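Here's a walk through how the chains in this model meet. Have the structure open and follow along.

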Amino acid sequence: MRMLKKLMFLAPLLLTATAFGQDEPPAEGTYEAFMAGSDAAMFTVNNLWILISAALVFIMHLGFSTVESGLCQKKNTVNILFKNVFIVCIGGLGYMAYGFNGMYPGWEEPFGKFWAMGTPITNTFYGDSAAVAANMTGEYADYTYWSDFIFQAMFAATAATIVSGAVAERVKLSSFMIYAAILVTFIYPITGSWEWGGGWLNGFGGAEGVDDTGQFIDFAGSSLVHAFGGFAALAAVLVLGPRRGKYSAEGTKPILPHNLPLAAIGVFLLFLGWFGFNGGSVLSADPQGVSRVFVTTGMAGFGGGLAAIFTSWIVLKKPDLSMALNGMLAGLVGITAGAGAITPYGAVVVGAIAGALVVLSVLFFDKIKIDDPVGAISVHGVCGIWGTLAVAIFGKEELAGEKISFMAQLIGTLSISAFAFACSFALFFILKMVMGVRVDEQEEAEGLDVAEHGSPAYAD
Amino acid sequence: MRMLKKLMFLAPLLLTATAFGQDEPPAEGTYEAFMAGSDAAMFTVNNLWILISAALVFIMHLGFSTVESGLCQKKNTVNILFKNVFIVCIGGLGYMAYGFNGMYPGWEEPFGKFWAMGTPITNTFYGDSAAVAANMTGEYADYTYWSDFIFQAMFAATAATIVSGAVAERVKLSSFMIYAAILVTFIYPITGSWEWGGGWLNGFGGAEGVDDTGQFIDFAGSSLVHAFGGFAALAAVLVLGPRRGKYSAEGTKPILPHNLPLAAIGVFLLFLGWFGFNGGSVLSADPQGVSRVFVTTGMAGFGGGLAAIFTSWIVLKKPDLSMALNGMLAGLVGITAGAGAITPYGAVVVGAIAGALVVLSVLFFDKIKIDDPVGAISVHGVCGIWGTLAVAIFGKEELAGEKISFMAQLIGTLSISAFAFACSFALFFILKMVMGVRVDEQEEAEGLDVAEHGSPAYAD
Amino acid sequence: MRMLKKLMFLAPLLLTATAFGQDEPPAEGTYEAFMAGSDAAMFTVNNLWILISAALVFIMHLGFSTVESGLCQKKNTVNILFKNVFIVCIGGLGYMAYGFNGMYPGWEEPFGKFWAMGTPITNTFYGDSAAVAANMTGEYADYTYWSDFIFQAMFAATAATIVSGAVAERVKLSSFMIYAAILVTFIYPITGSWEWGGGWLNGFGGAEGVDDTGQFIDFAGSSLVHAFGGFAALAAVLVLGPRRGKYSAEGTKPILPHNLPLAAIGVFLLFLGWFGFNGGSVLSADPQGVSRVFVTTGMAGFGGGLAAIFTSWIVLKKPDLSMALNGMLAGLVGITAGAGAITPYGAVVVGAIAGALVVLSVLFFDKIKIDDPVGAISVHGVCGIWGTLAVAIFGKEELAGEKISFMAQLIGTLSISAFAFACSFALFFILKMVMGVRVDEQEEAEGLDVAEHGSPAYAD
């Protein structure tokens, strides 16, 4: 018999067993009894998939970091990486201290359904009480309380990260840190609660359940995460203004991405993470559900990439790598609302439309002088709305298991986008008044890395 | 009770349940009945592993992208990344529209077994019909139809990616795009069908089943994927010719890799992905099978790395990083055919021989003036053949579960390699005649990034 | 019916079945019988998680490679990557040939418990003997022998990798290769066996089981892996001396990191891998265990990042990216010993203290002129000790399932750190006497890439 680390870890169960006499079966209603029963294996695999999905969504933060730094100028790289490290840290901790319970409030009383006060997550699921058992077994969900929390926490931080890309290269670090902390902790959970937390959008279009008028459907967050982030970004950019020198009387000056391999690494990692983002949103390892979501997710990403390649080739007369990369992301954002309700071929079309749309949208925002260095408003905002509406166009009610309504999709996505825009605008505007949101001209010219961080990203 | 996204997703089952009255058990033969039964947990974990493997093989495409761009010159980086984005997109969609069903045709009639017409994948697995149930449960395989498709689709695109590295830095983009699309969609499934699709090589050496004369064995594709890609690459390079200035009257000019950290990122990501490439090819999460394959895969990669380190140190008189990196890949390619049939120590030897071989092979191809910027012909072609033959030398019949025959391995790997070479040569030659396959001298000197894409990979 | 690769792989079982007559149930005590039974699904998911964890720990080696190369100078990048490729290869193979059985010796006789002779791993687990069944099913552990080996092998190589960072930019390659091979193969398993192999520290503070005086607890290796590596690194740096020009009469010269995006990629990949490092150390997919470990691991990393951001901002007067990155790692190292015994909020505090500590520690070692280019001594050594002691401060006995004792933690971590320091010092000192451990002045100035490897990392 080999001594194993295992022995140490399993000690709690041994202790419990000892307390009751070594050979007695575990008491009914305990975690040990559940794990000895016939549902344990299924619960374990469901739970494991949620955890692996959390890890996959975590690595999206490296994807966001490298896409954003790759598409910006060399002189702002440290600043961008720093912002992203900060966001994932504050996002996780803020969600722990406030957001999770604000987003999934339970709504025990009828009051509101628009807003709930957050509270810190529970810290007491240990020992062998029945409460632990209920929260660690199928009574809570197909996964544990902790898995629920860590998966949703990894999601939460993505919203603020989306804004980071749009305001890059001129935003004042301290102001952005305050903005991002508030956005991710206090604002993201509000719109999140509307749908996933059982708020007014959940069952919108009917009563609590399935009815004749159709319901708002946002499977993994085309609106709740991506359009939220994209329109928060738009508001922030309007408050902030474009990078100096980008738009002038002589026309628009292209600012080149400083490291396209870095951007490509980011996009592929985001694509990888999306299998957890969408696949984990099945909220179990259900074979039919997860397999289909993998196919719709992958095919929409591929469709988006191809469509952006050809659209940009036609419009810009050259095969544009950053458009191809953004096209894959656009396809993924596009399918996020309907990954569970759209067929594989539908997914290709939804993704392809998103891929074409993102090219036109990037050019449009550049034309109207809204400066978004990484295309975040187009990728996440515009394609987030498109993806939400696409459920009504391409979704199958047999797959969704709900009546689908164009009006419900439209009202839902516009409500979320408008709320994100308004809150972001107000918050960033207040910060502008109080402490400023922009670095001064000299710092912007010199680059934020040396000016704010005292360190270049690259040296010999 | 917390409201969960889950409620939305599970609605189809609720609907079905409602249709039959809330409390009745699901009808026999339905998906719901299967998922309520005792095989459901095992099916779910098997299926999940195939999906996770698909995600791991997906990230190999980032590995290929970064290895190739890292080992080539700075001025062609955008072009390389663009090709790789295109390949994974067209690979996935082409496999959906044609390749999957061409590779796994069923061969219902005896005709052929050499070629089958592909068709689009099925799009109708939703609703609650018995057909869905059969395709989503153990009646089809240990995983769903969708998992089967997405896993195989991620594989398919790797073949064309291998060629991409060999023709880098001088190939004409549009011609390569057409070539890659045809290779991955129409040609790869043909040789794939010979073995994995139940064609003439499956059971080759005997009747349909296990017999006395031995069978062709290619566990995860040393021949079907790697030698296929490597010999397609060799043909393409012969049609294309070397990079200008590489070989001249004054001798061979070394062209330095522009970014070795990028190449190292790529190799480690490929190694990671290989755990899904080989591990997923067990086609279930069977503990004995997958655990052993993880060990053989890992140890062969390590053996390949060490052998290449020492071989290159002796031959080149210096510790060469790109040889060390290619050595790890060579070891992985080498074990791919026999990952299920070779013992862990056998795997070290197979990997080490591959690691030594790749060093000599790279030097050999350079000597005979076949210009392969990343060593793809050596890594995938030469070591793919070696790995296939190694099954006959190091494979254990108790592990393979089949009689092993050197002749079957030799005929199998040469057939696949020769077919890949011939098709690739013909296709690329026709493209050369019709539209040219090479950029002009000035574009090659300037670099494809600016010449074809109008954008450098790196800027300030 | 589709022909599948599966058919080939499952052939061993078919053969066995055939031998006994197609319809007879598998003989009791065989692997086939186990897999047909009711524990099979649970075993399969447990085993799968150990394998996925092994893959996650594997990718940490890419994390180490890129952190180290990113934080050092451009001119030594190839050398750093080469060392890391070598370490992971020799680490895996050395653990196979000696270390695994030296670390988990079984201690059948009472002699020792301080040291056991290693032997090669077993190579015979195939065929259908009862021995195979026992080692491939729950009789051995919740996972197979092969999964056990590959998971522990991936761990082993991390210890030598930690040293690599501290001695970077001036160590002689051949000497370091010998040092690393000996450290990982022969020394790491000794301290490993003390606790995880059932040696004198396992159950230290009492008898074999749980008793009144408390036990040494090191869940996933704050001491056994990180403090081991960190103090081995300290010894090596003392033998080696600082980089030339770093400390002079005029004061300390900062040597800038050459590529911070590369360092950021590394830290995020290490964070990702840590979910397998800690999560896999549950040694099963137990939902309560793994879910809680994911939360403590993630939150400690986030706490560490935030604390380092604010600590460095206060101390250095600027928001320092490399401190933020090292802070996340410090938090992760800090929680590694107590990931299973500390609550989520406890984890935030443990991580935050580690994050503050690492900033002060890096500055301290720089002040006393111990030159550690990547901060490995602080991150792994100092925070490894902190993490081990933190179990005694923040650990809950209900979670640990053991009595917790500050003295046991202190004695355990100091023993391991001191042993690692002493062995590393002796070994590196002998190498210094015999063959030298440092490159000459000119090579150091020129950079190891060109001087030792004949190749720059970056070119045009």
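What follows covers the two interfaces of chain C, then one helix pair in chain A.

Keep in mind throughout that this is a predicted model.

**Chain C against chain A**

Let's start with chain C and chain A. This contact draws 81 residues from chain C and 68 residues from chain A. Together the two chains bury about 6,600 Å², with carbon and sulfur atoms giving 76% of that area. If you want residues to click on, try Phe268(C), Phe302(C) and Tyr345(C): they supply 11% of the area that chain C buries against chain A, more than any other three residues.

How many salt bridges does the rule find across the interface of chain C and chain A? Just one, and it pairs the side chains of Lys74(C) and Asp460(A) at 3.4 Å, N to O. Polar contacts add to the picture, with 12 residue pairs across this interface, both partners at pLDDT 80 or more.

On the chain C side, several helices supply at least two residues each, among them α4 (40–71), α5 (77–103), α10 (260–279) and α13 (344–367). Which helix gives the most here? That's α11(C), with 17 residues. By class, the side of chain C that touches chain A splits into 50 nonpolar, 19 polar and 12 charged residues.

**Chain C against chain B**

Now turn to the contact with chain B. Here 68 residues of chain C touch 81 residues of chain B. The buried area comes to about 6,600 Å², 76% of it on carbon and sulfur atoms. The rule finds one salt bridge across this interface too, this time between Asp460(C) and Lys74(B), at 3.4 Å, N to O. There are also 12 residue pairs in polar contact, both at pLDDT 80 or more.

On this side of chain C, α4(C) gives the most, with 16 residues. The classes here come to 49 nonpolar, 14 polar and five charged residues.

Here are the two salt bridges next to each other:

| Interface | Side chains | N to O distance |
|---|---|---|
| chain C and chain A | Lys74(C) and Asp460(A) | 3.4 Å |
| chain C and chain B | Asp460(C) and Lys74(B) | 3.4 Å |

**A helix pair in chain A**

Finally, a look inside chain A. Helix α4(A), residues 77–103, packs with helix α7(A), residues 173–195, at an angle of about 35°, and their axes are 9 Å apart. Is the crossing of α4(A) and α7(A) left-handed or right-handed? It's right-handed. The residues of this contact divide into 16 nonpolar, eight polar and one charged.

Terms used. Residues are numbered from 1 along each chain as its sequence is written. Chains are lettered from A and ligands numbered from 1 in the order in which they are written. This is a predicted model: local features need pLDDT of at least 70, side-chain atom pairs count only at pLDDT 80 or more; totals for chains, interfaces and linings use all residues. Side-chain values use heavy atoms; hydrogens and water are left out. Contact means heavy atoms within 4.5 Å. Buried area is the accessible area (1.4 Å probe) that two parts lose on being put together, summed over both. A salt bridge is a side-chain nitrogen of Lys or Arg within 4 Å of a carboxyl oxygen of Asp or Glu. A polar contact is a pair of N or O atoms within 3.5 Å; within protein, one must be able to donate a hydrogen and the other to accept it, and residues adjacent in sequence count only if both atoms are side-chain atoms. Helices (H or I, at least four residues) and strands (E, at least two) are DSSP runs, numbered from the N terminus. Ala, Val, Leu, Ile, Met, Phe, Trp, Tyr, Cys and Pro count as nonpolar, Asp, Glu, Lys and Arg as charged, and the others, Gly among them, as polar. Axes are lines fitted to C-alpha atoms, for helices over the stretch in contact, and angles run from 0 to 180 degrees between N-to-C directions. A crossing is left-handed if the near helix is turned anticlockwise from the far one by less than a right angle, and right-handed if clockwise.
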